[in-house]
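Okay, thanks for coming, everyone. Let me put the thing up on the screen and then we'll walk through it together.

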Amino acid sequence: MGNLLVGPKPSRWRLYRTVTRNALHYLFGSALRNWFRNLGSTAPALGSMTLLLFLTGLGGMLGLVASNAASIESRSAAVLHVYLKDSATQDDIGALQSRLRSETSVKSVTFVSKDEALARAQHRPGLPELASASEGNPFPASLDVQLASVDKVGAIDALVRNDPIVDQGVGSTSYDPNGYRKLQEILFGLVAGGTALLLLITFIAVTVTANSIKVAIVARADEIGIMQLVGAPRWMVRGPFVIEGALTGMIAGVVAGGLALGLASIAIQAGAATFAQVAPGMTFKVALATALLIVVVGPLLGSASSLTGIRRQLET
Amino acid sequence: MTPLVEFVGVSRVYGQVVAVDDLSLRVSPGEMAFLVGPSGAGKSTLLRLINREVRPSHGEVWVDGLPCHDLPVTRLAELRRRVGVVFQDFKLLPRLTALENVAFALHVTDLRISDDEADERSLDALEAVGLYEKAASYPGELSGGQQQRVAIARAVVSQPPLLIADEPTGNLDQETAWQITGLLEDIAKFGTAVLVATHNMEIVARAQRRVLSLASGRLVDDVPAGRAARMLWATS
C-alpha cells in the first residue's frame, strides 16, 4: 500500500461540479430572472391561469358535492317502507321479515314500531301538527327494507303489496314508480351534467393557459432565435421556458388554491348547521385536498404549456 | 489545405424560385471573402446554408468537417458553435447590457464556463471591438455602429473558426461601415475565416480581399485578394 498515491480529486470531478452548478444556475437562475423581466408578457397568462384553476377547483368541489348528494339520494331511494296494519301480530311480522330477507336483492330489513314512527315524524315538516290533531298515534309500524339498488324496489314492492298484514289504507308501501323513475333521471342528469361541466372548464383552462403561455413565448421569439443561432443545445433553449411556465403555474395554482380553500372554508363555517345537508361530503379536509391538487396541477399545466409553446419555435 | 467551408454542386430552391444554383466554392481557414451581387443573387441564402438555417435542395455543404446538408437537428448546436453570425439588424437582446449580450452566447453554449470566466472573456471581446467602456450600456443606449460591434463581439467571443456576416454595414454610415470592416479584417488576421455578404462596393474595393460575385444564384466570378480590390477600386 506504500505506493498508493493520495492526491487531490481528479479535475474531471471539478468539471462535473462546475457543469452541474452552471446548469442549475442557468436553468433556475435565468428562469427566475426572465420571469421577472418578462412579467408584462406573462401577466395575462398568469391571470387567466389563476382564474381558470380557481374555477376548475370550484367546479371539482361542486362536482364532489353533487356526486355525494346523488349517492345519498340513491341510497335513500333504495329503501322501501312496507307499512303494516295495527292488527299485525309479531309472528306475522316475523314471517314477512324472513320472507323478505330470503330475497337476494334485500340487504337488510328493519322493523319500525308505531312509537318509533311517531318519533321520526316529529322531525319532519308538517307531521307533528298531523300527529297532535289526531287521536292517538296515526303513524303505522313498518318494515324498512334496504335494497341493493333502486332498480329492485318495484319487484319487492310487488312481492309484499298484497300481503294480508300490509296496510292498504296508507298506500301499503312507499314505492312510487313514477317518482323513482324521475329520481333516477335527475340523478343521472346531475352526474352527467356535472361531469360535462367539469370537463368543459378543464378544457377551457388548458386551452386558454396553453395559448396565453404560447403568446408570451412568441413575444420572445427573437431571444429563442438568437439562442439557437449562437449554438445553444435544444434542452438549454427549452429548459428556462419550461421552468418559467412551471413558476407561472405554481403562482397561479397557489393563488387559485388559496382562493378556493378560503371560499370553501367561509361557506363551511357560515352554514355549519345546515352545510352538511346542503353540501354533503364538503368538509375542510376535502377543500384542502382540492386546493393542494390545484397547487400541484398549476406547475404541471404551466410547464406542459410552455413545452408545447416552445416546440413550435424550435428549428426542425 | 483542407477547406473550412466547401460547397459541392449546391442548389437551393424556394417553390419555383432558384435562390442558389449548382454552386461550388471553397473557403480556407483564416480567409476573408466578400459575397457581392444584386438583391436576390443568393448571398443571404448562401450564408443561411452555411449556418444550416436552410437545407440545400441538392448538393453538399461542409463546414469545419461537418456535413450541413445532412446534419440532424440534434447536432445543429454543434455546428452553430463553430460559426459566429452577424446580422444587419444586430439582433441584440434589448433587455440585456452589452456585456450580458456577449456573455449570453457563452452561457447558453458552454456550461463548463463559470460566470466570472464568461464575464472576463466577454469584457475581452468588448475591449477588442473598442467597447470596453460601454459594457454596462443597453443596446438602446448605443449607436448603430456600437451595436454592431457588440454583435461582432458576441459572434467571436467563443472563438469560432468561421464568422459569417450578412450585410453587417447595411444600417451604418460609410465611415462606421469602414470601421466595422476593419474590425472584421482584424478578426480574420487572428485566424477566423470571415465571409461577408454586402452591397457596399466601396468597402469591398478598399479591403483588398477575395470577392465572390453571385448572380441569379450562380457564382459568376471568384476574384482573388488584391486583384479584385484594384479592379473594383478602379471601377468604383
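So, a quick one to warm up: how many bridges join strand 9 of chain B to strand 10 of chain B, and do they run parallel or antiparallel? There are five bridges, and the two strands, residues 210-215 and residues 218-223, run antiparallel. If you want one pair to click on, take B:Ser213, whose bridge partner in strand 10 is B:Asp221. The two strands make a hairpin with two residues between them, and in it B:Ser216 has a positive phi near 50°.

Before I go on, the usual caveat: this is a predicted model. The scores are ipTM 0.83 and pTM 0.69. For chain B, the mean pLDDT is 90, with 96% of the residues at 70 or more.

Staying with backbone torsions for a second. Most residues other than glycine have a negative phi. Chain B has a couple of other spots worth a look in that respect. B:Lys91 sits at a phi near 55°, in the loop between strand 6 (83-86) and helix 3 (98-107) of chain B. Is B:Lys91 buried or exposed? Somewhere in the middle: it has 19 C-beta neighbours inside 10 Å, so it counts as partly exposed, and the cut-off for buried is 20. Then there's B:Gln159, again not a glycine, with a positive phi of about 50°. B:Gln159 is in the loop that links helix 5 (144-156) to strand 7 (162-166) of chain B, and with 14 other C-beta atoms within 10 Å it is partly exposed.

Okay, zooming out to chain B overall. We've got eight helices and 10 strands. Of its 236 residues, 46% are buried. And if you take the contacts in chain B with a separation of 6 or more, 67% of them are between residues 24 or more positions apart.

Now the sheet. Four strands of chain B form an open sheet, in the order 2-1-4-5, with antiparallel pairing. Why is one side of strand 2 and of strand 5 left without a neighbour in the sheet? Because strand 2 (17-27) and strand 5 (66-67) stand at the edges, each with a single partner strand. Strand 1 (residues 5-14) and strand 4 (residues 58-63) are joined by five bridges. One of the residues to find there is B:Ser11, which has B:His58 as its bridge partner in strand 4.

Let's go to helix 5 of chain B. From first C-alpha to last, its 13 residues reach 19 Å, close to the 18 Å you'd expect at 1.5 Å a residue. How many of those 13 residues are buried? The count is 10, so the helix is mostly covered. The buried ones include B:Gln147, B:Arg149, B:Ile152 and B:Arg154, so it isn't just nonpolar side chains on that list. As for what does the covering, it includes strand 6, helix 3, helix 4 (115-128), strand 7 and helix 6 (174-189) of chain B.

That leads into the packing. The largest nonpolar core has 80 residues, and those with the most contacts inside it are B:Ile50, B:Val102 and B:Ala153. Helix 3 of chain B brings the largest share, seven residues. Apart from that core there's another one, of 32 residues, among them A:Ala216, A:Leu247, A:Ala291 and A:Val295. Back on B:Ala153, which is one of the buried residues of helix 5: leaving out residues up to four places away in sequence, it touches B:Val102, B:Ala125, B:Leu126, B:Ala128, B:Val129 and B:Leu131.

Over in chain A, I picked out A:Leu147, in strand 3 (residues 142-147). It has 21 C-beta neighbours inside 10 Å, so it counts as buried. A:Leu147 and A:Ala78 are 69 residues apart in sequence, yet 5.3 Å apart in space, C-alpha to C-alpha. Other residues that A:Leu147 touches include A:Leu80, A:Val106, A:Lys152 and A:Ile156.

Last stop, where the two chains meet. The contact takes 19 residues from chain A and 16 residues from chain B. On the chain A side, helix 1 (11-37) and helix 8 (221-229) are the elements that give two or more residues, and helix 1 gives the most, with seven. By class, that side has 11 nonpolar, four polar and four charged residues.

Conventions: Residues numbered from 1 in each chain as written. Chains lettered and ligands numbered in written order. Pairing = 2+ DSSP bridges. Buried ≥ 20, exposed ≤ 12 C-beta atoms within 10 Å, placed from the backbone. Core = buried A, V, L, I, M, F, W, Y, C linked by C-beta atoms within 7 Å. Contact = placed C-beta atoms within 7 Å. pLDDT = per-residue confidence, 0-100. Expected span 1.5 Å × (residues − 1).
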